[in-house]
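Hi there,

Here is the structure I promised to pass on. Have a look at it first, and then read my notes below.

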Amino acid sequence: GDLAPEIVVLDGSSNIVDGSGSVNFGTTTATSPLQRTFTVQNQGGANLTLQPVSVPAGFSVVTNIAANTVVAPGGQVTFVVRLDAAANGSFSGQLSFVNDDADENPFNFTISGTVAAAPVIAIMDNGDAGFTSSGMDYYVGAGYFQNDVHYQAGGSGSAVATWTFTGLTPGMYRVSS
């Protein structure tokens with residue numbers, strides 16, 4: 001057999017190619033970090049020595065490889081990386097770590113992920129400030145949300161209900177009634 005170390009790095013069961021490989025953590029919202037566990041295997045016939053993992057901005061290493069970690073032939077270790085989700089944006093860069101595999105040192109690949117703003121949910125009832133109506137009937141009674149309802153039978157289309165929300169960031173919103 002070959003008496004040299006041979007590094008293999010896995011994302012789950014997927015083999016990551018040194019240099020050109022990439023792992024996308026996906027999309028999350030601010031303050032909801034995403035983690036991935038990577039496995040480093042030694043498929044060679046001699047000990048493989050590993051150094052700690054470094055990651056790009058926007059990511060952190062939750063569980064790192066200790067300095068000078070020795071992985072025996074057939075053995076493996078894991079490390080855990082987190083997309084921090086501390087700020088909105090797209091994050092990408094090289095994950096890298098030094099090892100003593102002759103042709104895959106350092107072992108590096110691209111990691112990426114996106115942090116999007118959390119959805120804004122605003123609820124306004126017909127009894128709340130910001131609601132106005134004209135030409136509509138108003139009924140107070142049990143069985144309606146907050147015990148009141150505005151309604152209008154079919155007619156000319158002249159009756160109007162208006163909900164005015166303040167303090168929203170410009171953008172696209174889904175409105176439901």
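What follows is a short tour of the strands and the core.

Please keep in mind that this is a predicted model.

Let me start with an open sheet of three strands, which has mixed pairing and the order S3-S10-S9. Its edge strands, each pairing on one side only, are S3 (22-29) and S9 (89-97). On average, neighbouring strands of this sheet are turned by 20 degrees against each other, direction ignored. S3 and S10 (residues 107-116) run parallel and are joined by six bridges. If you want a place to look, find Asn24, which stands opposite Ser112 in S10.

Next comes strand S4 (residues 34-42), which has two antiparallel pairings to look at. With S1 (residues 7-11), S4 pairs over five bridges in the antiparallel sense, and here Ile7 stands opposite Asn42 in S4. With S8 (residues 76-83), S4 pairs over eight bridges, again in the antiparallel sense; Gln35 stands opposite Arg82 in S8.

Now to the interior. The largest nonpolar core has 23 residues, and Val40, Phe79, Phe97 and Phe109 are those with the most contacts inside it. The elements giving two or more residues to this core are S1, S3, S4, S5 (48-50), S8, S9 and S10. S10 gives the largest share, four residues.

Val40 is a good residue to click on: leaving aside residues up to four places away in sequence, Val40 touches a list of residues that includes Ile7, Val8, Val9, Leu48, Leu50, Phe79 and Phe97.

Enjoy exploring!

Best wishes

Key
Residues numbered from 1 in each chain as written. Predicted model: local features only at pLDDT ≥ 70, side-chain atom pairs only at ≥ 80, totals over all residues. Heavy atoms only, no water. Pairing = 2+ DSSP bridges. Axes fitted to C-alpha atoms, helices over the stretch in contact; angles between N-to-C directions. Core = buried A, V, L, I, M, F, W, Y, C linked by side-chain atoms within 4.5 Å. Buried < 20%, exposed > 50% of the residue type's maximum accessible area, 1.4 Å probe, protein only. Contact = heavy atoms within 4.5 Å.
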